[in-house]
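Open the model in your viewer and keep the selection panel at hand. The tour has two stops.

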Amino acid sequence: MVKKILVLHTGGTIAMSEDENGAVAPGAENPLNQFKNPFGSEYELLIENIFNIPSPHMGPAEMLQLKKRIMEAYEKDQIDGVVITHGTDTLEETAYFLDLTVPLKIPIVLTGAMRSANEIGSDGLYNFKTAILTAASPEARGMGVLVVMNDEIHTARYVTKTHTTNVATFRTPTFGPIGLILRDEVRFFEKLLHHVSLPIDQVVDHVYLFKAYAGMDPELLEMAATSKTNGVVIEALGAGNLPPRVLSALEKLLALKIPVVLVSRSFNGIAQEVYAYPGGGVQLKQMGVTFCHGLNGQKARIKLLVGLSAGLSGKELATFVSEAIS
Ligand code: ASP
């Protein structure tokens, strides 16, 4: 049976070319557009150039537009799957945003490229092909949003970009990929246990991400303690600790009922309340900080933003944001 796949090109290196000086930039036409249906008549591709932007230009408003377009195509065109081509810099954030907001079982697969269209060893067309194969795979149904790059299938929830230039940049620390592409075969060998999605129609702003460091200065956190701020995520140290210098800024944020979410800046493991010294996780938890288990900072920020955009607050918001591991 022919599989109908919606392809949304958004830009990124996969849509760019290198000039004679080696600088990589988007052109007027996405180089992928020259391939009308490169993967055979088993696939009907509905191709749209929804954006042509590098992914540092991508934000929650564009992510919401992607979500709305997918929902519309699902209702009107009975699509079997979706492939989104995207710049790799913020690909994991768009993927996780869609994972949290699109309540569909059809496969939704993001891919990109580390080498632009005319570079030697360009990986764009190959990644595009394996993303199509995955989006058409019955096994990919109900797996949540997936990221397919370099013959690996990762979950949107845990994948992260780990290298600035290597084609094997996308990794899932702690758990590894959940599937592989073996030549043209799509094979899954793991599955996440739980999946949540929240219906949202708009996105809030002023949700900030901070990173802790030895001797962290409190001033920037203090500046966030205003009524304009909707939420704060902090990449804390180790198992979930902060320098005591920032505790009074945290108190100010919490007194204003601004949700403060903690993850670890370590990319393996999860943040937990382990240490009982000043600034340690035990004290932070008692103060009212929400521990988010297993997400990196940028994903926790997306989760907080989605929860806030859905109108969650208080305990409900904390429960939604904290539960990731499963
Ligand atoms: N800077 C590019 C982007 O994210 C990188 C890429 O696509 O690989 O748009």
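Select the ligand and the residues around it: G12, T13, P54, S55, P56, G87, T88, D89 and A113. Keep in mind that this is a predicted model. By class, this shell holds three nonpolar residues, five polar ones and one charged one.

Now show the side chain of T88. Which ligand atom lies 2.5 Å from a polar atom of that side chain? The partner of T88 is an oxygen atom of the ligand.

Next, turn on the backbone of T13 and A113. In T13, a backbone N or O atom is placed 2.8 Å from an oxygen atom of the ligand. In A113, a polar backbone atom is 2.9 Å from an oxygen atom of the ligand. For the ligand's cover, add a surface: the ligand taken alone exposes 260 Å², and the protein buries 85% of that area.

Leave the ligand and select residues 297–309, which form helix 7, together with residues 314–322, which form helix 8. Viewed as a pair, helix 7 and helix 8 pack at an angle of about 145°, and their axes are 9 Å apart. The crossing of helix 7 past helix 8 is right-handed.

To see what makes the contact, show side chains on both helices. Helix 7 contributes K303, L304, V306, G307 and L308, while helix 8 contributes L317, F320 and V321. How do the residues in this contact divide by class? Six are nonpolar, one is polar and one is charged.

Note on methods: Residues are numbered from 1 along each chain as its sequence is written. This is a predicted model: local features need pLDDT of at least 70, side-chain atom pairs count only at pLDDT 80 or more; totals for chains, interfaces and linings use all residues. Side-chain values use heavy atoms; hydrogens and water are left out. Axes are lines fitted to C-alpha atoms, for helices over the stretch in contact, and angles run from 0 to 180 degrees between N-to-C directions. Helices (H or I, at least four residues) and strands (E, at least two) are DSSP runs, numbered from the N terminus. A crossing is left-handed if the near helix is turned anticlockwise from the far one by less than a right angle, and right-handed if clockwise. Contact means heavy atoms within 4.5 Å. Ala, Val, Leu, Ile, Met, Phe, Trp, Tyr, Cys and Pro count as nonpolar, Asp, Glu, Lys and Arg as charged, and the others, Gly among them, as polar. A residue is near a molecule or strand if one of its heavy atoms lies within 4 Å of it. A polar contact is a pair of N or O atoms within 3.5 Å; within protein, one must be able to donate a hydrogen and the other to accept it, and residues adjacent in sequence count only if both atoms are side-chain atoms. Accessible areas come from the Shrake-Rupley method with a 1.4 Å probe; for residues, only the protein chains shown count as cover.
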